Amino acid sequence: MLLLLPLSESKAEAQNAPLISGGVGFLTTTNGGGTALQPVISPVAAVPLGEHLLVESRAYISDFIAPKNGNSGPYQGDFFAGLQYLQLDYIAVPKLTLTVGDFLTPFGTYNERLAPIWISNFQDAPLIYPIGNQHGSSVGVMLRGAAYSTPHVQLNYAGYFSVASNVSQFTGERASGGQFSIYLPGKRLEIGTSYSRLLQGQQGNSEGIHVWWQPYRVPLAIRSEYAHGPHAQGYWLEAAYRLSQWKGPDSWLGRLEPVFRMQQTFRESPGQGDQLPATNTQRADFGLDYHLPHEVRVNSSYSRQFASTGNTNIWETTVTYRFLFPAIWKGGSK
Amino acid sequence: MTRSILKQLTLTASIISTTVALAQAPPAPKPAASAAKPAAKADSTKQPDVGQRKFDANCGRCHSFPEQLSPALTGTVVRHMRVRASLSAEDEKDILRFLAP
C-alpha cells in the first residue's frame, strides 16, 4: 500500500495538466432580409491546483459584421471580447463543491450545459433564456454537488448568492437562487426545478422546470424547459435525432442529426430591458446538423417566428471546430 | 395560430414518444457510439463498463467524446465535469478510470 500510494499520486498529477479547450466558429444569420456574419472564438481554460481546487474560465471573442443600415449599405464590424465566467472551485467534500467568483448562473439547463457554440444545436439561445439568466453569470458564492447518488438515482443541487457588481467583465446583480434535479441514469431521464430572486431594483422571482430524456437505445435527445419570470413566461421543447442507427455514426448518413425546436413566450406585463419578446411570440426552428470528422460540425437551420409585431424567417448556418490541448507544452523526450 | 401550433406540437411529441417508447429498453452495458474509442481501452480493466456507462449517462448527454484526449488532461477534464455536472466522487473516479485506464 505504501509503495502504491506515491505511484497513484504521481499518476494523478500526470493527469492534471492545465488545459485550453473551447470552440472556434463562423456564424451567419439572415433575419428578415438582412445577413450578418460572425467569426467567433470561445476558449475555455481549466487549471487544477492541488487535489481540491480548480480555476476555470471561458471567454467569448467575436466580430459581428452586418450592413450598416440594417438590411442595406456597406458592412461594418462590431468587435466584442469578454469573459463569460471566471471561477474558483473548491471540492470540499464528496457531496459539496464551493465555487466563488463569476460563475454561470444555475437556472434552467441552457446556460450551464448547452450554451457553448460547440455544443448547442441551434445558433440562437431559446427565447426564454433571459428568465433567471439576464446576465448569464453571477458574481458571488455557489454551493453545489450531488446530494445523493446511486446507480439508479441522483439528486443534484446548486444554490448561490450573488452581489451587485459594475466591475468591467464581472457585472452582476444582487440575487439568490438555486436548482434541484432528480436524475435517473438507467432511463437517462432528468427532471429539475430552478428558482431565482432578484434582490435589487424591482425585486422579482423567476421559476423554472426542465425535463430531459435521452433513451439509451435510440440516439434521440428530448430537452425541454419552462420558465416564468416577473413579466413573462414561456417554454421550449427540442428534439434531436442522430441518424447513426442506419450505417453507424461515422457513415455519411450517420453523421446527420435533424433537430427541431418549438418555442413560445407569453408577455404578461411590460418588462423594460428584460430581453424577452415584447409581445406573445411563437417560433419553430428546423435544423440539420452534420458532424464531420476531427471535431468539426456544421449546423444549419430555418426558423419561422410569429408575433404581432411581424412574422419573420430566420436562416442560420454555423461551422464550429472544437479544440482541446494542454495549456503548457512540455518539450523533449520522457 | 397558437392553437394550430400547439396541435402540431402535440402531434409531433406523440409520434416521438410512441416511437421511443417502443424502442426503449433497460440500458445495456454495451458502449454507446459516442464513446466507442475508449471502450477498446477499457476492455483491459476489471470493470470495463462502469466508467463508460457513467460517461454516457452524464457527460455524453450534452456532448460527444473528444476525438483526441491526451492522458495528461484526463484528470483536469473530469474535475471540470465533476463541477459542471455535479458528479459524485465515485462517478469521477470511474469516469477517470475509463478515460485513462
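Me: What does pLDDT do over residues 1–8 of chain A, and how many contacts beyond four places in sequence does the model have for them?

Reply: Over residues 1–8 of chain A, pLDDT, the predictor's confidence in each residue on a scale from 0 to 100, stays under 50, and the model has zero contacts beyond four places in sequence for this stretch, a contact being two residues whose C-beta atoms, placed from the backbone, lie within 7 Å. Where pLDDT is low, the predicted coordinates should not be read in detail. For chain A as a whole, the mean pLDDT is 91, and 94% of the residues reach 70 or more. This is a predicted model, in which local features need pLDDT of at least 70 and side-chain atom pairs count only at pLDDT 80 or more, while totals for chains, interfaces and linings use all residues. Residues are numbered from 1 along each chain as its sequence is written, and chains are lettered from A and ligands numbered from 1 in the order in which they are written.

Me: How do you know that the radius of gyration of chain A agrees with that of a compact globule?

Reply: The rule for a globule is 2.2 Å times the number of residues to the power 0.38, with the radius taken over C-alpha atoms. For 334 residues a compact globule would come near 20 Å, and chain A has 21 Å, which agrees. The C-alpha atoms of chain A fill a box of roughly 70 × 50 × 45 Å along the principal axes, and the secondary structure of the chain comes to three helices and 16 strands, where helices (H or I, at least four residues) and strands (E, at least two) are DSSP runs numbered from the N terminus.

Me: Why does A:A45 count as partly exposed?

Reply: A residue is buried with 20 or more other C-beta atoms within 10 Å of its own, exposed with 12 or fewer, and partly exposed in between, with C-beta atoms placed from the backbone. A:A45 has 16 C-beta neighbours inside 10 Å, so it counts as partly exposed. A:A45 has its place in strand β2 (residues 34–49) of chain A and, leaving aside neighbours within four places in sequence, is in contact with A:I20, A:E56, A:S57 and A:A327.

Me: What makes α4(B) largely enclosed by the rest of the structure?

Reply: Nine of the 11 residues of helix α4 (residues 74–84) of chain B are buried, so this helix is largely enclosed; among them are B:V77, B:V78 and B:M81. In α5(B), eight of the 11 residues are buried, so α5(B) is likewise largely enclosed by the rest of the structure. Chain B has five helices and zero strands, and buried residues make up 40% of its 101 residues.

Me: Why is α3(B) called roughly perpendicular to α5(B)?

Reply: Helix α3 (residues 50–57) and helix α5 (residues 89–99) of chain B pack at an angle of about 110 degrees, with their axes 7 Å apart. That makes α3(B) roughly perpendicular to α5(B), because angles of 65 to 115 degrees count as such, those under 35 as roughly parallel, those over 145 as roughly antiparallel and the rest as oblique. The axes are lines fitted to C-alpha atoms, for helices over the stretch in contact, and angles run from 0 to 180 degrees between N-to-C directions. The residues that meet include B:V50 and B:F55 in α3(B) and B:I95 and B:F98 in α5(B).
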